[in-house]
Amino acid sequence: MNEPPALLLGFGAQLAAGTLVTAGLAGASLAGGLLLGIAGAAARMSHRRLLRTAARAYTTAVRGVPELLVVLIVYFGASAAIGRVAALFGVTGFFELNPFLAGVAALSLTFGAYAAEVLRGAFLAVPPGQTEAAYSLGLTPARAFCHVLLPQVWRTALPGLGNLFLVLLKDTSLVSVVGLDELMRKSALAVSYTQQPFPFYVAAAFIYLGMTAVSMAGIQVLERRAARGMEWSG
Amino acid sequence: MMAGLQGIAVESTAQLLAGAWLTVQLTALAMLAGTTLAFPLALMRTSRHGWLRAPAYGYVFFFRGTPLLVQIFLVYYGLAQFETVRDSLLWPVLGEAYWCAIIAFSLNTAAYTAEIIRGGMLAVPRGERDAAQALGFSHWQEIRLIVLPRAVRQALPAYGNEVILMLKGSALASTITLLDLTGVARTLIARTYLAVEFFALAGLIYLLLTLLIVRGVRALERRWARPGQAIETVPGTRHGDLLA
């Protein structure tokens, strides 16, 4: 009785477009989150008490609050802030932050808070003798940092950062709540047209699963590269 | 004007606290059911038989590889699509957002908790298992009396993290109409337009709940610690993984 359905009842292209937005959101948030994570880790290990306290407050607050709430706070908070600033200049009305930008900001904040802890742990795991040896060989502090410390930090931090990326990838779905047309919202739109929630959410699930599998393979390649020459030490 | 504002403040605080209570309920019930399901899953994952390992691996891969939001939508909206579900005896349960949230959360946390238990099982020193075998323990006795008790103690810090993740994940209940802490904050904001204020207040309550969980897990760990077994507090390991 049923006609052979086109790919996902004709919504295949929509889901594909959503998948691209999801991937872009994850990539941009990864970049922003890594920067925040490096800054956070540096601040946590700083000699200045104020920086240490601020970084600690940031990581504790963000890690203790639901990611969905962070997305909502950034989106509505920033929109309200823009509105207030605009009101100062005599412009009134409702201002809306671009949901993609709000999503990148919120997910970067979350990723950065966890990444700061991972990176700090990785820094502390490099024996101090490594830096001392580099100095005694006549390397400048900058060279010792880039050529001796950083590769070892990277190797230790990679599994933790990889896990955080897999979490980030799934958290992108939360940005659908503030109206970004990523995979989850495209699926919900298809559902509201077709009244067929099950196949579309299953399709979305398997697309996320595919992205997770691809990311895991990529992380493994990076880990193997980072461990070059270390195979013998297990 | 003042009295009106105060009235709103008192009323909305009461509503937020009611939301927090629902959040605690959802988290606690999901952890209870999820942990119960996690033990058989972990045993299957570590089984010697491939036909037991494979389905458990698939389960864990699916629930850890897809967003919780998809899972909750599949249970709440997806299942309702089928007439057989709507006509079944289970409909009084599957038609309720409350139970759908608990089912989705339980299935999700079971996958993560199973991996945590498995990690604890693999960390049990080989010698202890050898010793159990040398004493003539059966395979089940070895698992039940030696491996699992050790694994549970070993896995406690990671389990504490999972409770916190579930608490935070429970905010997704607000996407299927439930008035948990996040849901209440969202409705208050729709009514008052005080977005920053109410979301910050809700965030503060989540933070307090998180700190309570951290405290609780630490107390439990101290109680279960064996004499002579040091409690590590090195950052990045064990406690460092809970909120540092």
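Which residues touch the most other members of the largest nonpolar core? Let's start there and work outwards through this predicted model.

## The nonpolar core

The largest nonpolar core holds 115 residues, and within this set L69(A), V71(A) and I72(B) touch the most other members. The element that gives the most to this core is helix 6 of chain B, residues 97-122, with 14 residues.

I72(B) is a good place to look at the packing. Setting aside neighbours within four places in sequence, I72(B) is in contact with C100(B), A101(B) and A104(B), and also with L172(B), T175(B) and I176(B).

## Next door: Q71(B)

Is Q71(B) buried or exposed? Q71(B) has 23 C-beta neighbours inside 10 Å, so this residue counts as buried. Q71(B) sits in helix 3 of chain B.

If you leave out residues up to four places away in sequence, Q71(B) touches F63(B), T66(B), A104(B), L107(B) and N108(B). A104(B) thus appears in the contact list of Q71(B) and in that of I72(B). You can also check the spacing to A101(B): Q71(B) and A101(B) are 30 residues apart in sequence, and their C-alpha atoms are 9.4 Å apart in space.

## Chain A as a whole

Chain A has 8 helices and 0 strands, and its elements follow the pattern α-α-α-α-α-α-α-α along the sequence. Its C-alpha atoms fill a box of roughly 80 × 55 × 25 Å along the principal axes. The radius of gyration of chain A is 22 Å, whereas a compact globule of 234 residues would be near 17 Å.

Of the 234 residues in chain A, 39% are buried. Taking the contacts in chain A between residues at least 6 apart in sequence, 75% join residues at least 24 apart.

## Helix 2 of chain A

Helix 2 of chain A covers residues 49-63. This helix has 15 residues and reaches 21 Å from its first C-alpha to its last, close to the 21 Å expected at 1.5 Å a residue. Which residues of helix 2 of chain A are buried? They are A55(A), T59(A), V62(A) and R63(A). Seen down the axis of helix 2 of chain A, these buried residues fall within an arc of 100 degrees, so they line one face of the helix. The general geometry helps here: an α-helix has 3.6 residues a turn, so residues three or four places apart point the same way.

What covers the buried residues of helix 2 of chain A includes helix 1 (12-44), helix 3 (67-88) and helix 4 (99-125) of chain A. On the face turned away from the buried side, helix 2 of chain A carries the exposed residues R49(A), L50(A) and A57(A).

## Chain B as a whole

Chain B has 10 helices and 0 strands, and from the N terminus on its elements run α-α-α-α-α-α-α-α-α-α. The C-alpha atoms of chain B fill a box of roughly 80 × 50 × 25 Å, taken along the principal axes.

In chain B, 37% of the 244 residues count as buried. Among contacts between residues at least 6 apart in sequence in chain B, 74% join residues at least 24 apart.

## Where the chains meet

How many residues of chain B are in contact with chain A? There are 29 of them, in contact with 35 residues of chain A. On the chain B side, the elements that give two or more residues are helix 2 (50-65), helix 3 (68-78) and helix 10 (195-224). Helix 10 of chain B provides the largest share, 8 residues.

By residue class, the side of chain B that touches chain A divides into 18 nonpolar, 10 polar and 1 charged.

## Two loop residues with positive phi

Q195(A) is a residue other than glycine with a positive phi, near 60 degrees. Q195(A) lies in the loop between helix 7 (183-194) and helix 8 (197-226) of chain A. With 8 C-beta neighbours inside 10 Å, Q195(A) counts as exposed.

Chain B offers T177(B), also not a glycine, whose phi is positive and near 75 degrees. T177(B) is placed in the loop between helix 8 (139-169) and helix 9 (181-192) of chain B. T177(B) has 11 C-beta neighbours inside 10 Å, so this residue counts as exposed.

Definitions and conventions:
Residues numbered from 1 in each chain as written. Chains lettered and ligands numbered in written order. Predicted model: local features only at pLDDT ≥ 70, side-chain atom pairs only at ≥ 80, totals over all residues. Helix = DSSP H or I, 4+ residues; strand = E, 2+ residues; numbered from the N terminus. Expected span 1.5 Å × (residues − 1). Buried ≥ 20, exposed ≤ 12 C-beta atoms within 10 Å, placed from the backbone. Arc of directions from axis to C-beta. Contact = placed C-beta atoms within 7 Å. Core = buried A, V, L, I, M, F, W, Y, C linked by C-beta atoms within 7 Å. Nonpolar A, V, L, I, M, F, W, Y, C, P; charged D, E, K, R; others polar. Rg over C-alpha atoms; globule rule 2.2 N^0.38 Å.
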